[in-house]
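Thanks for coming. I have one model to go through today, and I will put it on the screen before saying anything about it.

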Amino acid sequence: MTAVGIDPLSLENFSIAPTWDGSTLRIAFSGNADMDARAPLEAFVKRLNVQVLAAKLKRVVCDMRGLYFMNSACFKCLVQWIDAIVKSEVEQQYTLNFIKNPKMAWQARSLESLRHFGPAIVHIKIEP
Amino acid sequence: MASPALRRAYLELCYRPVSARQIASATRLVGEIFGEPIGEPDAIARVTLAVHEILENLAKYAAEDVPSLCVELSEDGDAGLIEIRTKNRASRECLALIGQLLESLIRADDPREAYRELMARSAARAEGSGLGLARIRAEAELQFSFEIAADLLQITAFGRVPLQPRRSRA
């Protein structure tokens, strides 16, 4: 699997940029994940999950530092992503490592909710 | 007789949000007006998260009428009391579902666990998230009260927030 296989998502106020850091796939979220972003995000996440499972990756890093806000409809897309991973065969499962922005207080609460939902899948950390 | 709570900030918006940009603008406005007296970033984030979710609900579910959103911050001892009130008309089916959800959130002993259960149900559903109000209860840590009369729905999300000391006028 190469970076070419994953198209970025670019909307007026929201974007997702996939990059490779060695063999680690990093997905950088930025902007405002609002009602206009839900459908594209849902499609992106579904497509990405299929590709990650096919490539047998063991983790994906989700960099949320540039994400100003995420509404509950977009949040549901992440919930469905975690749910899809949990329901995959055990040997196919991979982890989601979320990098949060400590200056955006909502992220600590929302990412903690995701960890509560998928404790074996979701990890949260801070990076400089 | 106890004196009435001293109001520190009040904002009333009467409009039907139709775009993400309008919702973002109103949420920013609330953050700027209420951020000053609340002060603590985490508490401000709780309030703006709740306002954003409520405005999106109004955009999605309010009937063709002008709904209202009031945000009020008053003194409650050493802390503040934030109240976010909405009033809108909606279809009977919509009101029944919202009433049921609000009842369950009000009664939930553990709002985070109730939220987790809703997430699991929501993941299996193709349409709608149904997570907005639960998110307000669990993540914004606000409680609800509500009233349904005919097709009119009034919801209040409320809770305590920190309050900055009053600034003396120069």
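I will take the sheet of chain A, then its helix and the contact with chain B, and then the strands and helices of chain B. Keep in mind that this is a predicted model.

Start with chain A. There is an open sheet of six strands here, in the order β1-β2-β3-β4-β5-β6, and the pairing is mixed. The edges are β1, residues 9-10, and β6; each has a single partner strand, so one side of each is left without a neighbour in the sheet.

At the β1 edge, two bridges join β1(A) to β2(A), residues 14-21, and these strands run antiparallel. If you want a position to click on, L9(A) is opposite I16(A) in β2(A).

At the β6 edge, β5(A), residues 95-100, and β6(A), residues 122-126, run parallel and are joined by five bridges. Here F98(A) stands opposite I124(A). What does the chain pass through on its way from β5(A) to β6(A)? It goes through helix α3(A), residues 105-117, and the resulting β-α-β crossover is right-handed.

Now that helix. α3(A) has 13 residues, and from its first C-alpha to its last it reaches 19 Å, close to the 18 Å expected at 1.5 Å a residue. Its buried residues are W106(A), Q107(A), S110(A), L111(A), S113(A), L114(A) and F117(A). Looking down the axis of α3(A), those buried residues fall within an arc of 145 degrees, so they line one face of the helix.

Next, the contact between the chains. Chain A puts in 20 residues and chain B puts in 23. On the chain A side, the elements that give two or more residues are α2(A), residues 72-86, and α3(A). By type, that side of chain A divides into eight nonpolar, seven polar and five charged residues.

On to chain B, beginning with its strands. β2(B), residues 68-76, pairs with β3(B), residues 79-89, in the antiparallel sense over nine bridges. L69(B) has T86(B) as its bridge partner in β3(B). The two strands form a hairpin with two residues between them, and G77(B) in the turn has a positive phi of about 70 degrees.

β3(B) also pairs with β5(B); they run antiparallel, with ten bridges between them. The bridge partner of I84(B) in β5(B) is A157(B), and that of N88(B) is L153(B).

Then β5(B) with β4(B): seven bridges, again antiparallel. A149(B) stands opposite L152(B). This hairpin has two residues between the strands, and A150(B) takes a positive phi near 55 degrees.

Which way do the side chains point? In a regular strand they alternate between the two faces of the sheet. Along β3(B), G80(B), I82(B), I84(B), T86(B) and N88(B) point to one face and are buried. A79(B), L81(B), E83(B), R85(B), K87(B) and R89(B) point to the other face and are not buried. β5(B) alternates too: L153(B), I155(B), A157(B), G159(B) and V161(B) are on one face and buried, while L152(B), Q154(B), T156(B), F158(B) and R160(B) are on the other and not. To connect this with the pairing, I84(B) is buried, and its partner A157(B) is buried as well.

Last, the helices of chain B. α3(B), residues 92-107, has 16 residues, which should span 22 Å at 1.5 Å a residue; its end C-alpha atoms are 23 Å apart, which agrees. Which residues of α3(B) are buried? They are L95(B), L102(B) and L105(B). Viewed down the axis of α3(B), they fall within an arc of 95 degrees, so they line one face of the helix. They pack against α4(B), residues 111-123, α5(B), residues 132-138, β4(B), residues 143-149, and β5(B), residues 152-161. The face of α3(B) turned away from the buried side carries the exposed residues R92(B), E93(B), A96(B), Q100(B), E103(B) and R107(B).

One single residue to finish. D42(B) lies in helix α2(B), residues 41-61. Is D42(B) buried or partly exposed? It has 14 C-beta neighbours inside 10 Å, so it counts as partly exposed. Its C-alpha atom is separated by 9.3 Å from that of A140(B), and the two residues are 98 apart along the chain.

That is the model; I can bring any of these positions back up on the screen.

Technical notes:
Residues are numbered from 1 along each chain as its sequence is written. Chains are lettered from A and ligands numbered from 1 in the order in which they are written. This is a predicted model: local features need pLDDT of at least 70, side-chain atom pairs count only at pLDDT 80 or more; totals for chains, interfaces and linings use all residues. Two strands pair if DSSP finds at least two bridges between them. Helices (H or I, at least four residues) and strands (E, at least two) are DSSP runs, numbered from the N terminus. A crossover is right-handed if, with the strands pointing away from the viewer, the path from the first strand over the helix to the second runs clockwise. Two residues are in contact if their C-beta atoms, placed from the backbone, lie within 7 Å. Ala, Val, Leu, Ile, Met, Phe, Trp, Tyr, Cys and Pro count as nonpolar, Asp, Glu, Lys and Arg as charged, and the others, Gly among them, as polar. The expected span of a helix is 1.5 Å times one less than its number of residues. A residue is buried if 20 or more other C-beta atoms lie within 10 Å of its own, exposed if 12 or fewer, and partly exposed in between; C-beta atoms are placed from the backbone. The arc is that of the directions from the helix axis to the C-beta atoms.
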